[in-house]
Amino acid sequence: MNIPALRAFVCAARESSFSRAADQLHLTQPGLSKRIAGLEDSLRVQLFDRIGRRTVLTEAGRTFLPFALRILNEADQAGQALKALQPAQTGRLYLATTQHIGLYYLKPLLGEFVRHYPGIDIEVDFKTSVESHRLLSAGELELGFMSEPPLHEQSLEYIPVLDERLCFAVSANHVLALQPEVTLHDLTLHPALLPGPNTRFRRLIENLFSEQGLALDVRQPSNYLEALRMLAETGLGWSALPLVMITPELVRLPLQSYEPSRTIMLAYHRKVSLSGPARLFLDWVREHGLTQPEPTPD
């Protein structure tokens with residue numbers, strides 16, 4: 001059944017007038033007449049008699065009216081039931097992210113989401129990937145952006161949103177920056193500025209060197225990439241950093257064939273029922289993802 005045609009039929013029957021029914025439904029009278037004519041054609045009956053200016057139901061029309069009312073009522077109830085399944089466009093969204101992801105990747109995505117859903121109150125908490133992973137596993141957090149954890153929890157769902165390219169960099173005044181060619185072995189002769197040993201980032205770099213039978217001299221480990229970049233800019237050693245973090249004070253070493261990448265992801269607990277705002281944001285991320293901005297030009 002054509003629901004708009006049924007509404008036109010019921011309204012015309014209630015008003016006993018095509019013109020008044022058209023006004024009620026914000027249609028032109030020819031438009032309403034076309035809907036009813038199409039309904040009559042599909043049913044193969046005449047629903048109205050036109051007597052002067054009056055419009056009265058035929059016997060077929062009187063027989064069909066209660067069925068039309070029932071169909072419209074069922075359609076309205078179905079619409080309400082489906083609407084209840086849709087994520088709420090108001091409420092509170094509590095979101096965790098690392099400082100690095102928030103600073104370099106999240107702003108455009110979050111800004112567009114806020115513009116589309118101004119009724120959602122968003123609270124962003126900056127946490128390390130390890131902290132977010134622990135809170136998600138305990139069911140104390142709905143959604144968390146993180147770099148790929150060393151071990152995946154079976155209870156969590158991980159949605160990859162960006163492959164982040166890493167590169168080797170030193171201060172523009174560092175001796176390695178002056179060499180026309182650089183090898184991984186050359187890096188082992190100088191202090192490395194890297195995250196702590198329990199991070200996925202650190203393991204990526206260590207595995208790269210161990211595959212070549214090389215050992216690293218890691219100094220002043222820090223899980224804050226901004227701190228590592230600052231130390232590298234001072235010339236204290238070389239570091240592996242996301243490409244997006246390279247500044248004019250740093251030189252990207254010519255080791256592109258060895259540059260690894262890591263996965264940035266959004267995670268949630270499989271058995272935790274997400275709130276309406278969280279489901280909306282999850283769908284938004286799945287559709288739009290994160291984009292990697294261009295590195296700062298030299």
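Let's start with Arg202. This residue is buried, with a relative accessible area of 9%. Keep in mind that the model is predicted.

So who does Arg202 pair with? The partner is Glu206, and the two side chains meet in a salt bridge. The N to O distance is 2.9 Å. Now look at the backbone. Both residues sit in helix H8, which covers residues 200-210. They are 4 residues apart, about one turn of the helix. Glu206 is partly exposed, at 31% relative accessible area. Arg202 falls in the buried class because 9% is under the 20% cut-off.

Next, a network. Which residues are joined through shared salt-bridge partners? Arg14, Glu15 and Arg20 are. Take one link from that group. Glu15 forms a salt bridge with Arg20, and the closest N and O atoms are 3.6 Å apart. Is Arg20 buried or exposed? Neither: Arg20 counts as partly exposed, at 44% relative accessibility.

Third stop, Lys127. Its salt-bridge partner is Asp125. Here the closest N and O atoms are 3.3 Å apart. Asp125 has a relative accessible area of 23%, so this residue is partly exposed.

Why would such side chains pair at all? Opposite charges can pair when the charged atoms come close.

And how many salt bridges are there in total? The count comes to 13. I showed some of them, including Glu206 with Arg202, Glu15 with Arg20, and Lys127 with Asp125.

Conventions: Residues numbered from 1 in each chain as written. Predicted model: local features only at pLDDT ≥ 70, side-chain atom pairs only at ≥ 80, totals over all residues. Heavy atoms only, no water. Salt bridge = Lys/Arg side-chain N within 4 Å of Asp/Glu carboxyl O. Buried < 20%, exposed > 50% of the residue type's maximum accessible area, 1.4 Å probe, protein only. Helix = DSSP H or I, 4+ residues; strand = E, 2+ residues; numbered from the N terminus.
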